[in-house]
Structure formats: C-alpha cells, structure tokens
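Trainee: I would like to learn how to read a model like this one, feature by feature. Where should we begin?

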Amino acid sequence: MKAPRWWRKWLHSRWGRMLQRAVGQPPAIPQPLWQQVLGRYPFLHALPGADLATLKTLCERFLADKEFTGVHGLNINDEMALCVAAQACLPWIHWGLAGLDWYADFVGIVIYPEEAVAQREVTDAAGVVHRYRETLAGEAMHGGPVMLVWSHVQGASAGAAHGHNLVIHEFAHKADMRHKSRYEEANGCPRLPHGFMGLSAAHATERWQTTWSAAFERFRRQVDLAHRFGTPAPWMDAYGATAPAEFFAVACEAYWVNRNGFETHFPELCVLLDAFFRRPR
Ligand SMILES: [Zn+2]
C-alpha cells in the first residue's frame, strides 16, 4: 500500500529526516514509481539487477537526506525527485552507501523549469570588473546547493548516445569539490580513494593528473581545430574543452551513460574512471 502523501511529505521534512537518521532506515521507494523512472532512462534500465537494487538503496538514502526546491512555480513531485536521485546516485553503485559521502556537504537541490539566466561579475588582472549574463542548465556550488533545469533532467535519455547527462555532470563537480577547501577550485582531480590502483597517494595523484592533462590538451586542440577549420569534432561535449574541471565532469557524464562510446574514444581515461568508480573487472 502506498503511504499517504502527508506522511511522505513529513518524512522529507527536517524533523522527518532527523528521525529517520536516528532510526537508520529511509522510507522505501514504491515499486511502480521506481519502474516508471527506470523506464524513462534506458541507461538505467539496462543495468544488471544487482546494480539496480544498489541504486534503489542509494536513492532511498539520497531522498531522505536531500531537500528539493522548485522555483518559478515548479512543483517537485516524488517522480521528479527520484529522476534526479537516480541519475545523481548512478556513479556510486559500486561504492554502496559509502558513495553518498561524496554528497555529504550539502542538502539543497534547486530545480528551475527552464534554463536560467545568471548575472555574473568577474574582476580581471587589471582590476576591471566585467559584468555579463550567462544562460545556465545547471550549476554546482562549493558547499552549497546543486541547481538543475528540469527540462534537461527529464530529457536525459535523448543525449545519452552522445554521452550527455546534466545531472551526472553537476554531481561530478560536487565530487570534485568535496574534499577541497573553499579557496580551492574544482580542477578535475577529486580526492582519490586510499590505495587507488595499488599506488601510493602521491603516485596515484601524479598518474591521474598526467593522464587527464594530456587527454584534456588533445581534446582542446581537436575542439579548436573543429571550430576554426571544420575538421571532425571529437566525440563528447565540446564544453569539456573550457577547463580541466569541465573536462572531468563531461567525461563522467559520457562514462556513465555511454561507456562503450567513452571507452572507444578515451581508453586511458576509462581505466582511471573504472578504478575511481570501483567498477568490478
Ligand atoms: Zn560544469
């Protein structure tokens, strides 16, 4: 029997979440709702049964811990929250519940109905302040909430063939920022797990940075040549050429929604992401 809406609402309230943490058991996701969300996203539906069971457990915890806010009149229902949760939790299916520690430094997820325009201000080296407007589909803030645009979350299956996924992109930024101080920028090198690839911490970081830097430079050149001379564009979102942190986020999207495509074009990065996400061999 489906729990009444007021009860589910209370479970997601601040007090409800505190009680669940004390008791240790988040509410179960009703099976019809789970199937409905899996049906929306073929890259989730195709997962083996054991991985889907882990994903559901992660989603239940994630939904109990996070707070969703719709803006511009957008009302966030259970299905919408689960669509976000399922994609945000996908990268950690081989980590189990420990994977959610990557998202432990924030609770808020803010959802806009359509792309949002943000006012930006940067000061250049000469001290000149530049103000501009930027259209956003998503944004991850250090220690703060994740912002997502619902039309992109909803339509994620359409971009999977090209390796696109907004939710995984923004949550990859959160993982990149997770163990950095407020003064450090996301740089495409998240804190690597202890014993990563059987290497010492220093060697693991060196291997990660050397491999990713070389791939980033190659990707940037390809994007630049395609832009200037019309040569074939590289597989994967060209936005990844804007910064190493974006390259990492774009790579995580592609890895999780189209691993075959990613492995074909970036075999050396695929090995590192297999190790980082603890994919069994
Ligand atoms: Zn980004």
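**Reading the metal site**

Mentor: Begin with the spacing of the donors: along the sequence, the residues that hold the zinc ion follow the pattern H-x3-H-x72-E. His-173 belongs to helix 9 and Glu-246 to helix 11, so this pair ties together parts that are 73 residues apart in sequence. Keep in mind that this is a predicted model.

Trainee: Which atoms coordinate the zinc ion?

Mentor: The donors are NE2 of His-169, NE2 of His-173 and OE of Glu-246, at 2.0 to 2.1 Å. Water is not among the atoms, so a site may look incomplete.

Trainee: Are His-173 and Glu-246 buried or exposed?

Mentor: Buried means under 20% relative accessible area. Both His-173 and Glu-246 are buried.

Trainee: What does the side chain of Glu-253 make a polar contact with?

Mentor: Its partner is the side chain of His-169, at 2.7 Å, and His-169 is one of the zinc donors. Glu-253 sits in helix 11 and is buried, with a relative accessible area of 5%. Leaving out residues up to four places away in sequence, Glu-253 touches Gly-163, His-164, Asn-165, Leu-166, Ile-168 and His-169.

**Reading the pocket**

Trainee: How many residues line the largest pocket, and which lie nearest its centre?

Mentor: For a pocket, look at volume, lining and chemical class in turn. The largest pocket has a volume of about 1100 Å³ and a lining of 36 residues. Gly-138, Glu-170, His-173, Tyr-239 and Glu-246 lie nearest its centre. Two of these names, His-173 and Glu-246, also appear among the zinc donors.

Trainee: Which element gives the most to the lining of the largest pocket?

Mentor: Helix 9 does, with five residues. Elements that each supply at least two residues include strand 3 (116-123), strand 4 (129-136) and helix 11 (244-257). By class, the lining has 14 nonpolar, ten polar and twelve charged residues.

**Reading the cavity**

Trainee: How many cavities of 30 Å³ or more does the structure hold?

Mentor: A cavity differs from a pocket in that a probe fits inside but cannot get out. The structure holds one of 30 Å³ or more, and the space in the largest cavity is about 50 Å³. Its lining has twelve nonpolar residues, no polar ones and no charged ones. Among them are Trp-92, Phe-171, Ala-175, Phe-248 and Trp-256. The largest share, four residues, comes from helix 9.

Trainee: Which residues is Ala-175 in contact with, beyond its neighbours within four places in sequence?

Mentor: They are Trp-92, Trp-102 and Pro-190. Ala-175 lies in helix 9 and is buried, at a relative accessible area of 3%. Ala-175 and Trp-102 are 73 residues apart in sequence, yet their C-alpha atoms are 5.3 Å apart in space.

**Reading the backbone**

Trainee: Which phi values should I look at in His-72 and Met-236?

Mentor: Look for a positive phi at a residue that is not a glycine. His-72 has one of about 55°, and Met-236 has one of about 100°. His-72 is in the loop between strand 1 (67-70) and helix 6 (78-89), while Met-236 is in the loop between helix 10 (201-229) and helix 11.

Trainee: Is His-72 buried or exposed, and is Met-236 buried or exposed?

Mentor: Exposed means over 50% relative accessible area. His-72, at 66%, counts as exposed, whereas Met-236, at 6%, is buried.

Note on methods:
Residues numbered from 1 in each chain as written. Predicted model: local features only at pLDDT ≥ 70, side-chain atom pairs only at ≥ 80, totals over all residues. Heavy atoms only, no water. 1 Å grid on protein atoms, 1.4 Å probe; cavity = no way out; pocket = protein on both sides within 12 Å on 5 of 7 lines; lining within 4 Å. Points joined across faces, edges and corners; volume = space filled by probe spheres on them. Nonpolar A, V, L, I, M, F, W, Y, C, P; charged D, E, K, R; others polar. Donors = N, O, S within 2.8 Å, 3.2 Å for Na, K, Ca; no water. Buried < 20%, exposed > 50% of the residue type's maximum accessible area, 1.4 Å probe, protein only. Polar contact = N/O pair within 3.5 Å; in protein donor to acceptor, adjacent residues only side chain to side chain. Contact = heavy atoms within 4.5 Å.
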